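Student: I would like to learn how to read the interior of a protein model, moving from empty spaces to packed side chains and then to unusual backbone angles. Could we take the features one at a time, with the general idea before the case?

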Amino acid sequence: MRAVRNTDQGILVTEIDEPVAPGVRLTITSTGICGTDVNFAAGGVQGYTVQGYTYGHEFAGTAADGRSYAVEPTVYCGQCDQCRTGHVQRCTAPEHGTLGIFRNGGMCDAVTVSENMLVPLPAGLDVRDACLVEPASVAWHGVRRAALTPGERVAVVGGGSIGLLAVAAARQRGHDVDIEVRHKHQRMAAERLEAGPTEGLYDVVIDAAGSESGLARCAELARPGGRIVLLGVYVHTVPIPGVASLVKELTYVNSISYSRHDGIRDTEQAAALLAGNPAIAQTVITHRFPLDDAAEAFRVAGDRASGAIKVVLHP
């Protein structure tokens, strides 16, 4: 079967064996290209390109019985103290990880996954859009980590898919949200999701840029005593602006992946968010490519001025 892998010649669609592991076999319907995928393919980790496995941690597909699912790609033990309290993203077991990151993922024709990774799709969420469940879960978890209270002002810095999905998550919780973006197409998308331009100071600022300049802007936008939620990925040192953080006594809240709370998975709530507002997927998914055109899809996903927000691969 076909699979997307990074090679010495760049992103290629290669032939690999059919999945034979125990679990539920899914025929893949949609796979999103994450910024992490683009960075791994281009610069990798510490300057080395990342090879040797099938990419894709944002994916959805259909089982043999015809039922469709998004996939929560976290590999966890279920037994450690973190797992037992619902924080599977902080699993301490050696096997902890994520499908599609240093191990085979869903950017292929079919996968076999553990039953506990399946996220049933609610009515109203098309499996062709359900690859958004994973990034929407990241955004949902970050907004939940922000511990918003009624009336608090919220801003997002960064107009990529995570930033826009954070807007949608905060809006669903009843908050007005403003956003700062770099590109015209991101502003148009933000307006469709009812986010305005930033003005004044905010109780909570969500960093969805993952850059030194973006984090500095977060500190500028935060009110004294405000909170900054880190959704941006920093491989090395987080460039926290010193003076503004000290003078304002800002609190930085780290957020990674998704978890459970009160027995409910973030992924399930993200799926419900997308099902309840089809405009989210219509806005965030800007490009679709067949799997065989993966190299071009990665090129478009890596060109931030191309008009792309979320690029999706399909069979």
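Student: How much space lies in the largest cavity?

Tutor: This is a predicted model, and every value we discuss is computed from it. A cavity is a space where a probe fits but cannot get out, and in the largest cavity about 40 Å³ of space lies enclosed. With a threshold of 30 Å³ or more, the count comes to one cavity.

Student: Which residues line the largest cavity, and which element gives the most to that lining?

Tutor: The lining is made of Arg2, Ile28, Thr29, Ser30, Thr31, Cys108, Asp109, Leu291, Leu313, His314 and Pro315. Two elements, β3 (24–33) and β19 (310–314), give two or more residues each, and β3 gives the most, with four residues. Sorted by class, the lining of this cavity has five nonpolar, four polar and two charged residues.

Student: What volume does the second largest pocket have, and which residues lie nearest its centre?

Tutor: A pocket, in contrast to a cavity, is an open set of points. The second largest pocket has a volume of about 250 Å³, and 16 residues line it, with Pro19, Asn104, Gly105, Val111 and Thr112 lying nearest the centre. Strand β8 (residues 110–113) supplies the largest share of this lining, namely four residues, while the division by class is 11 nonpolar, four polar and one charged.

Student: Turning to single residues, is Phe59 buried or exposed, and what does Phe59 touch?

Tutor: Burial is judged from the relative accessible area, with under 20% counted as buried. Phe59, which lies in strand β4 (residues 58–62), has a relative accessible area of 1% and is therefore buried. Not counting residues up to four places away in sequence, Phe59 touches Ile28, Ser30, Thr31, Ala70, Val71, Leu99, Gly105, Gly106, Val111, Val113 and Cys131. Among these contacts, Ile28, Ser30 and Thr31 also belong to the lining of the largest cavity. As for distance along the chain, Phe59 and Gly100 are 41 residues apart, and their C-alpha atoms are separated by 9.6 Å.

Student: How should I read a nonpolar core, and which members of the largest one touch the most other members?

Tutor: In soluble globular proteins, nonpolar side chains tend to be buried together. Here the largest nonpolar core has 49 residues, of which Leu125, Val156, Leu164, Ile206, Leu274 and Ile280 touch the most other members. Elements giving two or more residues to this core include α3 (133–145), β10 (154–157), α4 (161–172) and α8 (266–276), and α4 gives the most, with seven residues.

Student: What does Leu164 touch, and where is Ser161 placed?

Tutor: Leaving out residues up to four places away in sequence, Leu164 touches Gly159, Ile179, Gln186, Ala189, Ala190, Leu193, Val284 and Ile309. Besides the largest core there is a second, separate core of 18 residues, which includes Ile11, Ala294, Ala308 and Leu313. Ser161 is placed in helix α4, and because its relative accessibility is 12%, Ser161 counts as buried. Apart from neighbours within four places in sequence, Ser161 is in contact with Val284, Ile309 and Lys310.

Student: Which residues are buried in helix α1, and why do they line one face of the helix?

Tutor: The way to read a helix is to look down its axis and ask how its buried residues are spread. In α1 (residues 35–42), Asp37, Val38, Phe40 and Ala41 are buried. Their directions fall within an arc of 165 degrees seen down the axis, so these residues line one face of α1. What covers them includes β1 (2–7), β2 (10–15), β3 and α10 (294–302).

Student: Which residues are buried in α10?

Tutor: In α10 the buried residues are Ala294, Ala297, Phe298 and Val300. They cover an arc of only 165 degrees around the axis, which puts them on the same side of α10. These buried residues pack against β1, β2, β3, α1, β18 (285–290) and β19.

Student: Lastly, what phi does Phe102 have, and where does Phe102 lie?

Tutor: Phe102 has a positive phi of about 70 degrees although it is not a glycine, and lies in the loop between β7 (97–98) and β8. With a relative accessible area of 52%, Phe102 is exposed. Ser257, also not a glycine, has a positive phi of about 55 degrees, and is found in the loop between β15 (251–254) and β16 (260–261).

Methods:
Residues numbered from 1 in each chain as written. Predicted model: local features only at pLDDT ≥ 70, side-chain atom pairs only at ≥ 80, totals over all residues. Heavy atoms only, no water. 1 Å grid on protein atoms, 1.4 Å probe; cavity = no way out; pocket = protein on both sides within 12 Å on 5 of 7 lines; lining within 4 Å. Points joined across faces, edges and corners; volume = space filled by probe spheres on them. Nonpolar A, V, L, I, M, F, W, Y, C, P; charged D, E, K, R; others polar. Buried < 20%, exposed > 50% of the residue type's maximum accessible area, 1.4 Å probe, protein only. Contact = heavy atoms within 4.5 Å. Core = buried A, V, L, I, M, F, W, Y, C linked by side-chain atoms within 4.5 Å. Arc of directions from axis to C-beta.
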